[in-house]
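This report looks at selected aromatic pairs and at the surroundings of one helix. The structure it refers to is shown next.

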Amino acid sequence: MILNAIKTAKHFFLSAVTVFFLLIFFSFTGCSFAKTTPDNPVDFSRHADGSRITAEELSAYQKNILATLFITEKDGVLTGTHTGLFSTVVSVTLYDCTDKELLKNCFSLLAEYETVFSRTLPGSELYAVNHNTSGSAELSDELAQLLSLGLSGREISKNRFDITVAPLSDLWSFGSGNPNVPDADAVEKCLADVNGEAVLLEGSHLTYPAGTQFDLGALAKGWISDRLAAYLKEQGIQSALINLGGNTLALGEKPDGSAYRVGITMPFSASSELAGVLTIKNKSVVTSGIYERYFIENGTLYHHILDATTGYPVKNNLLSVTIVCENSALADLLSTVCFLLGKDDGLALIEELSAHTELFALFLSGAYDTKTQSVTNPEYHFSEGFEEIFGLEPTY
């Protein structure tokens, strides 16, 4: 049931006060940064057989992450940025603390979570599960919790969202330098292995058909953001921003009590134009859109949000979906689920779930012209109360 998804999220995930914050992670420093290479990088390639990363390798990897961490401090605000974690740019900003060791601990924790949830890192726990041919596995609490939430997304999306979609994701190769439209027979063959309904999770024990592979990319960053926020709260931090490649969480509010101004990206804008600006306190904002990973073939745009019932990118005239709520993991899940459902069914789902938890959504629709590479006639569609509460200022 739909309500079960909310109950599952509340049961398994620490409630976090979060916000999506796109624009500032370096605006206050004026600094630039570049990824560096550690002196002794950890080689995980030997784990391609599905064996797990050892404690010693994890420790060495965390040291490598810290060795390539870029830290700035200005006016009592401390920011750490890393290029490469989760294959993106990650930043953590502490507004009420200048303890660099605490900041480093945050990135050590992020590195540890990457070795749990990464689908592509040989030796991660998820990698080992995906390469296990026995059809069963004992999971860590962290992986079991995230899989549980992910499995609930299948029901509320009318089967369009399925965390066993990894074979399809690989077939489309959006993460490669040369993606292309796959052969229809290959898509049909992959669909046979996309079946979350056949997966059984009992506590920490997972049973799944041979050939099943999981992709938690639509969930992991939100879950990790919640966990990192909980860690910071335990350390006495009351004001912080966590940005995991666009999934950004704000802990509390600014030290002076003011709200954060949060930019929502205008898809495909060549000049970093915004679709609007929100005024946020203590909320999580997560956006999913067709502009994040895509390619154009024969004049048609193909994006990475795949419909698990067809095997192809969903077509519904949406450009992006933004979800606002307290729980970043739930926001992460719903941004993709609602995109797959489309505007009408997505808004209906938000309205139903809003009866049980505070939840808001912005659907941005419009046409993308592949010749001019621009959006024409963007339209905003809000769930009830969105504009009044968050003060959206359209900038387009």
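## A ring pair with one partly exposed member

In this predicted model, Tyr 294 has a relative accessible area of 34%, which makes it partly exposed because that value falls between the 20% below which a residue counts as buried and the 50% above which it counts as exposed. Phe 268, by contrast, is buried, with a relative accessibility of 14%.

The two residues also form an aromatic pair: the ring centres of Phe 268 and Tyr 294 lie 5.1 Å apart and their planes stand at 80 degrees, so the arrangement is edge-to-face. This pair joins distant parts of the chain, since Phe 268 sits in the loop between strand 9 (260-265) and strand 10 (274-280), while Tyr 294 belongs to strand 12 (residues 294-297), 26 residues away.

## Other aromatic pairs

The structure contains 17 aromatic pairs. One of them is formed by Phe 44 and Tyr 61, which meet edge-to-face with 5.4 Å from centre to centre and 75 degrees between the planes. Here too distant parts of the chain are linked, with Phe 44 in the loop between helix 1 (2-12) and helix 2 (55-67) and Tyr 61 in helix 2, 17 residues apart. Both Phe 44 and Tyr 61 are buried.

Ring pairs also connect Trp 172, Phe 174, Phe 295, Tyr 302 and Tyr 312 into a cluster.

## Helix 5 and its burial

Helix 5 (residues 141-156) has 16 residues and, at 1.5 Å a residue, should span 22 Å; the distance of 24 Å between its end C-alpha atoms agrees with this expectation. Of its 16 residues, 12 are buried, so helix 5 is largely enclosed by the rest of the structure. The buried residues include Leu 143, Leu 146, Leu 147, Leu 149 and Ile 156, and among them are also Gln 145 and Arg 154. Just after helix 5, Lys 158 adopts a positive phi of about 60 degrees.

## The crossing of helix 3 and helix 5

The axes of helix 3 (residues 100-117) and helix 5 approach within 10 Å and cross at roughly 65 degrees, and the crossing is right-handed. On the helix 3 side the contact involves Tyr 113, Val 116 and Phe 117, which meet Glu 142, Leu 143 and Leu 146 of helix 5. Sorted by class, this contact between helix 3 and helix 5 comprises 5 nonpolar residues, no polar residues and 1 charged residue. Leu 143 and Leu 146, which take part in the contact, are both listed among the buried residues of helix 5.

Terms used:
Residues numbered from 1 in each chain as written. Predicted model: local features only at pLDDT ≥ 70, side-chain atom pairs only at ≥ 80, totals over all residues. Heavy atoms only, no water. Phe/Tyr/Trp six-rings, centres within 6.5 Å; stacked < 30°, edge-to-face > 60°. Helix = DSSP H or I, 4+ residues; strand = E, 2+ residues; numbered from the N terminus. Buried < 20%, exposed > 50% of the residue type's maximum accessible area, 1.4 Å probe, protein only. Expected span 1.5 Å × (residues − 1). Axes fitted to C-alpha atoms, helices over the stretch in contact; angles between N-to-C directions. Left-handed = near helix turned anticlockwise from the far one by under 90°. Contact = heavy atoms within 4.5 Å. Nonpolar A, V, L, I, M, F, W, Y, C, P; charged D, E, K, R; others polar.
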